[in-house]
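Here's a quick briefing to read alongside the model. Have the sequence and structure open as you go.

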Amino acid sequence: PFRCEVYQRKERLAPNSRFMTKNELALQILEEALLFQRFRYVVVDAWYTNRIILRFLYEYKQLFIGDLKCNRNVTIAMRRKAVADHCFITKMKEFVIDNQLYRAYAEDAYLPGIGKARIIFSQLKRDDGWTDVKYLVTNMFHLTVMQSVNAYLVRQAIEGFHRDGKQELAFETFHMRKYAGVVTHLACVIICYLLVLLSKISLGMRGTIGEICRKIRKKAERH
């Protein structure tokens, strides 16, 4: 993790504290991160694929990929409408990534107020059928459709952290009176998660994060 920052609602701020929107926090973290190191590409979720964040990334000439909400307006083939209304399932072609079946296709598009981009319409095949369409947006025009989907899948590790943190490491089941306590707790969760991952790698422990946590707990209780 590069930086742990917690969003605070304006009405809950301490006196004389500066309020920052989620976009302002994200921009601050991005600016610091890009001064620290240039990245191959940035992965962005649907909350932050907005005009503020994407224009910043374009200005920094930073490659990115993220997903769009289905009602986001984009222009494709001179027609501006919700991205979901541009989708044609019949154009999709199937491919396999890590033993999972996907189907997808891409269209060059224009994002109002931002610029040129590529939209990838993609679905994942599950046991009960195809998932809902995911609308990816990127400025990495050099990638194939399969490479674009694979680039976005890096985000699964972030979603896995949030899921495992909530289920196994008390990420959300805590109460603190002060903001500093909340930040400290979240930092401890991140450190614990990294230690569990290191145990999995260095000690060759098998299983999910939850299973490894229980194994470590049992060993600690015996000693």
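Why does threonine 138 count as buried? Its relative accessibility is 0%, and buried means under 20%, so threonine 138 makes the cut. Keep in mind that this is a predicted model.

**Around threonine 138**
- You'll find threonine 138 in strand E9, which covers residues 134-138.
- Its side chain reaches over to phenylalanine 64, meeting the backbone oxygen there at 2.7 Å.
- Setting aside neighbours within four places in sequence, threonine 138 is in contact with Phe64, Ile65, Ala117, Arg118 and Ile120.

**The nonpolar cores**
- The largest nonpolar core has 27 residues, and the ones touching the most other members are Leu57, Leu111, Ile119, Phe121, Tyr135 and Val137.
- Elements giving two or more residues to this core include helix H1 (22-36), helix H2 (51-59), strand E6 (100-111), strand E7 (115-126) and E9.
- Take leucine 111: beyond its neighbours within four places in sequence, it's in contact with Leu54, Val74, Ala117, Ile119 and Val137.
- Another core of 15 residues lies apart from the largest one, with Tyr41, Ile65, Leu124 and Ala151 among its members.

**The E3 and E4 hairpin**
- E3 shows two faces: Val74 and Ile76 sit on the covered one, Asn73 and Thr75 on the uncovered one.
- As a rule, side chains in a regular strand alternate between the two faces of the sheet.
- E3 runs antiparallel to strand E4 (residues 79-82), and four bridges join them.
- One bridge pairs isoleucine 76 with arginine 79 in E4.
- Two residues sit between the strands of this hairpin, where alanine 77 takes a positive phi near 55°.

Conventions: Residues are numbered from 1 along each chain as its sequence is written. This is a predicted model: local features need pLDDT of at least 70, side-chain atom pairs count only at pLDDT 80 or more; totals for chains, interfaces and linings use all residues. Side-chain values use heavy atoms; hydrogens and water are left out. Buried means under 20% relative accessible area, exposed over 50%, partly exposed in between (1.4 Å probe, protein chains only). A polar contact is a pair of N or O atoms within 3.5 Å; within protein, one must be able to donate a hydrogen and the other to accept it, and residues adjacent in sequence count only if both atoms are side-chain atoms. Contact means heavy atoms within 4.5 Å. A nonpolar core is a set of buried Ala, Val, Leu, Ile, Met, Phe, Trp, Tyr and Cys residues joined through side-chain atoms within 4.5 Å. Two strands pair if DSSP finds at least two bridges between them.
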